[in-house]
Amino acid sequence: MTTGNTTQSAYETFLNAACDRLGYGKSTISLLSLAALEMKVEIPIIRDNGELAVFSGYRVQHQNVRGPCKGGLRYHPDVDIDEVRGLASLMTMKTALVNIPLGGGKGGICCNPRELSTRELEVLTRKFVKRIHREIGPNSDIMAPDVGTNAQVMGWIHSEYSAIYGHSPAAVTGKPLALGGSAGRDKATGYGIGIVMKAYAERYDAPLKGATVAIQGFGNVGFHAAKAFVDLGMKVVAVSDARSAVYREGGVDLSALAKQKSERGLLADVEGHETLEAGRELEVECDYLVPAALGGVITAENAPRIKASTVVEGANGPVTSDADRLLTDRGVRVVPDILANSGGVVVSYFEWVQNLQRVVWPLDRVDNELARILDNAAQQVFNHAAQKDLDLRSAAFDIAVSRVKEALDATGI
Ligand code: NAD
């Protein structure tokens, strides 16, 4: 997949525009462009074949003025400091937009988790925690799953961190339930996209029942989003993963695809489904397009071929700033990542709260509170967009940037 301009440069474009609209000066722009702390560590491990391998790990804490830094940990071969920096900044905006008392952070290890054994992944994860443990924790920086990581990886982080500081479940979220994970965290991001789309559909008179949707990515976010869309009466016509993309006009068979993926590791060759060339799932005829894999996938090059009338950013930063302008000019509405995929960080926040208070919430409480927060954030974005005649990303950035600025001002900086 060819990816376009970086998450960091797209973030800076959106930030600059928001500060311009809000009348904030250069000092605010530079403060919100820069991260408070950037860590890079080298992690040596002995591979199963006895050879030494060294992996680069990163953790960036962008802003903690509204609360401890919060953000995922990604295991992917493209991870570098620029990507992690951009993703950390987006987290500051996301937590501010949904108005939870947390800041923004992100981390990653440059590796291909598919090529590492479970033992190698565990050693890598534990050594990463050993390198950075002084800077993370329940009151400073709380990690969560992202691309290439999962509840198991969070469980290792919890165990390693707790070995140093004593039992500390609130140091990391997205843990297995048995270690203090929250009900509903696994599905939260994809399920939350459904909640935001429901609010969007009502506001913009774009009914979901019978509407078609194409999804890029069939991991945690893409899979749970697909399930939520089916529950909302939508027809999922295309899905993809890193190796394959499939299409079926009448709607894909999600359980058959999930079975194929778990048994053979790919989506292709399921009876009755057409195989698409990689990246074509973004361009099929559909009402809604949900990129839910990696950043920078909708670029100035392919944006003119997008047929959906609404793009909902399930992934972080999937639409480059150039593509964003092209889509908006064509009248394609983009529901921005900091709103659309914020369900994950909201339920991570619930998990942190439960761990700190030593309580356990039932699933219906998690789902209800999540719906309340996301619906509220969505209405604020839609109202602001209408009042100021803005696209949805600009409206979301204005709200988020002004909240962070208000907190910074209140500290007397
Ligand atoms: P994941 O590792 O569970 O899944 C990623 C999926 O993307 C996999 O199906 C993978 O095969 C697919 N993919 C990778 N490269 C692809 C390509 N070139 N074309 C098509 N598919 C490809 O990761 P995830 O947790 O689902 O995260 C997906 C996106 O959502 C990321 O941008 C992440 O930052 C964002 N996000 C995740 C969460 C969360 O709670 N997990 C929360 C908010 C945002």
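This passage goes through one strand and its neighbours, a cavity, a pocket and a few single residues in a predicted model. Since the model is predicted, local features need pLDDT of at least 70 and side-chain atom pairs count only at pLDDT 80 or more, while totals for chains, interfaces and linings use all residues. Residues are numbered from 1 along each chain as its sequence is written, and side-chain values use heavy atoms, with hydrogens and water left out.

Strand β4 covers residues 104–110, and 6 of its 7 residues are buried, so the rest of the structure largely encloses it. Here buried means under 20% relative accessible area, exposed means over 50%, and partly exposed is in between (1.4 Å probe, protein chains only). Strands and helices are DSSP runs numbered from the N terminus (E, at least two residues, for strands; H or I, at least four, for helices). Two strands pair if DSSP finds at least two bridges between them. On that basis β4 pairs with β2 (residues 52–63) through 6 bridges, running antiparallel, and Q63 sits opposite G104. With β3 (residues 69–76), β4 shares 4 bridges and runs parallel; here H76 has C110 as its bridge partner. Helix α3 (residues 81–97) joins in as well, as β3, α3 and β4 form a right-handed β-α-β unit. Right-handed means that, with the strands pointing away from the viewer, the path from the first strand over the helix to the second runs clockwise.

Next come the empty spaces. On a 1 Å grid over the protein atoms alone, a cavity is a set of points where a 1.4 Å probe fits but cannot get out, whereas a pocket is an open set with protein on both sides within 12 Å along at least five of seven lines; lining residues have an atom within 4 Å of a point. Points are joined across faces, edges and corners, and a volume is the space filled by probe spheres set on them. Searching the whole structure turns up 1 cavity of 30 Å³ or more, and the largest cavity has a volume of about 70 Å³. Its lining includes T7, Y11, F14, L90, E313 and R393. Helices α1 (7–22) and α13 (392–410) are the elements that give two or more residues to this lining, with α1 giving the most, at 4 residues. By class, the lining has 6 nonpolar, 2 polar and 3 charged residues. Ala, Val, Leu, Ile, Met, Phe, Trp, Tyr, Cys and Pro count as nonpolar, Asp, Glu, Lys and Arg as charged, and the others, Gly among them, as polar.

The second largest pocket has a volume of about 190 Å³. Of its 13 lining residues, F14, D324, R325, D391 and S394 lie nearest the centre. Helix α9 gives the most to this lining, with 5 residues, and the lining as a whole divides into 3 nonpolar, 4 polar and 6 charged.

Finally, some single residues. V345, in helix α11 (residues 343–357), counts as buried because its relative accessibility is 7%. Leaving out residues up to four places away in sequence, V345 touches K70, M91, K94, T95 and I100, contact meaning heavy atoms within 4.5 Å. R358, in the loop between α11 and α12 (363–388), has a positive phi of about 55° although it is not a glycine, and at 59% relative accessibility R358 counts as exposed. D389 lies in the loop between α12 and α13; its phi is positive too, about 55°, although D389 is not a glycine. D389 is exposed, with a relative accessible area of 73%.
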